[in-house]
Amino acid sequence: MGSDSLLVELGGIWFRFTEGIEAMHDRFCASNLVPRGFVVDDAVMDGATALITVRAVAKANACPGCGTRSERVHSRYRRRLADLPIAGRPVRLMVFARRFYCNAVLCGRRVFAERFDRDVLAPWARRTTRLDHIVHHLGLALGGRPAASMARRLMVSVSKDTLLRVVRRHGRPRFVPPTVIGIDDWAWKRNQRYGTLICDLERRRTIALLPDREPATAEAWLSAQPQIRLIARDRGGGYALAAAKSLPEATQVADRWHLMENASRAFLDAVRKSMRQIRVAIGAATINPSLLTAAERIQYEGYLRREQENAAILGLAKDGTTIKEIVRRTGHSRGLVRRILRGQRSDVFRSRESALEVFLPWLDARWAAGERNGAALWRQLQKQGFHGSLRVVAEWATRRRKADQTESGLTRTPAARTIARLLAIGRDRLSKSETVTVAAVESGVPPLVEAREIVADFQSMVRKRCLDALDPWLERARSSLVASFATGVLKDKAAVAAAITSPWSNGQTEGQITKLKLVKRQMYGRGKLDLLQARLICAT
């Protein structure tokens, strides 16, 4: 073997390492195994670990204090480092590092330890930079314990705590000052504690997480970014107030998805307010208590009790009693009293929904054919995929038998959400019974038909980006069942107009929040703000 080659046994296999530069293109070199700037002196197997002894190629080194290069060696010491595995075995590098004298007269550091390139080996590091890079990205992608399990499979010995420390140490990179941002809230713990996420919409990446959603916190962050010219946000008032105070010249854009969803919810609220008229229209205003099951009878009694409470509160309000006095006399909360006076309390009784809903047409047909045995019907239903119990079918058969005897059936009123859906979808997608229900509602409750048309016009205006129709729509909607929605649009008119005309929206921000939820769930919801920032921002 020549003087410029090295023969090494690893795992029972002999490798020949050649150091000659002229042979690098056609033969495997020792420098391919170790980081740049080192040469291999020796390589042995220490149990299951490959131990490679290396030394630096450079003869001189720069003082970290003054930058003066020195070749005077003071002493040598050994650094034991972890490196990338080889041939399925972990690797340890034994680095013979040097200490140098500093020749600068004015430098206070007389002796300094040898420094290497930052992209090769950091001072005081126990891992090479290339291995630390792998550890960092494992922590970003998988978190603590899952990343540690994956690292063991990759022959990298690192604990879950070390992985999280590496992620925290790298922190989050500095972001390019954005000009178009999206801002929205995210839940630390749903309905209890929230934070704020800020997204650079042009670069489609998260740039900041704030610990809460208070307007003052968002205002402080926005004030430090005076170059922002457009802010996409939801329709909540907190972020609108913060943006108006910190960046009054910036354009605010209401999120289009929230506008469409708010319009649909306004129509659903209109349906709920009209449920009494709907019951009269579809012929279900009279309820026969003898046809109710035990559970439905309890529900019906609660409905009657609430009706009495509503009538008492409405009577007091008609006599001129203030809301504060009504709250004092009745003991109900102020919010409940306000909902009753506005007609927003859902007090309409409806019979309990059951798992038989999709099988009712088949049951009606079998009942009309003369099959009256509940157990037999249940066994036939099981073959069709029904997973309910015998009691459900027997209870239905008993109620149907009682209805036949009294010659007055119990007409179940669909839920408000179901009626809203039937009124909103096309007639070609309705069954015969649904078409009859919709026709009865449309003929019996004309204001609800008007509200449906107003909501449909608003959603069409947003889809077609037709800003000229906004003012006429507001005039028409302010006297309808969706007047509260129209009032909200009027208060936020500038942002709504920008949402109709601007190409920007908050959809990308919502996507980043979904990614944040995934990261939180990977860590069982226990990640602090700095760790969430590092994992979410560095990963992008």
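**Close-up views of a predicted model**

**View 1. Arg193 caps a tryptophan ring.** In this close-up, Arg193 holds its charged end over the ring of Trp188, 4.3 Å from the centre; a charge counts as over a ring if NZ of Lys or CZ of Arg is within 6 Å of the ring centre and within 35 degrees of the ring normal. Arg72 likewise lies over the face of Tyr101, 4.5 Å from the ring centre. This is a predicted model, where local features need pLDDT (the predictor's confidence in each residue, from 0 to 100) of at least 70 and side-chain atom pairs 80 or more, while totals for chains, interfaces and linings use all residues. Residues are numbered from 1 along each chain as its sequence is written, and side-chain values use heavy atoms, without hydrogens and water.

**View 2. Phe38 meets Phe116.** The structure holds nine aromatic pairs (Phe, Tyr or six-membered Trp rings with centres within 6.5 Å; planes under 30 degrees apart are stacked, over 60 edge-to-face, the rest tilted). Phe38 and Phe116 have ring centres 5.0 Å apart and planes at 40 degrees, so they form a tilted pair. Both Phe38 and Phe116 are buried (under 20% relative accessible area, 1.4 Å probe, protein chains only; exposed is over 50%, partly exposed in between).

**View 3. Trp186 pairs with Trp188.** With ring centres 4.6 Å apart and planes at 45 degrees, Trp186 and Trp188 are tilted too. Trp186 and Trp188 are both buried.

**View 4. An aromatic cluster.** Here, Phe458, Trp473 and Phe485 come together in one aromatic cluster.
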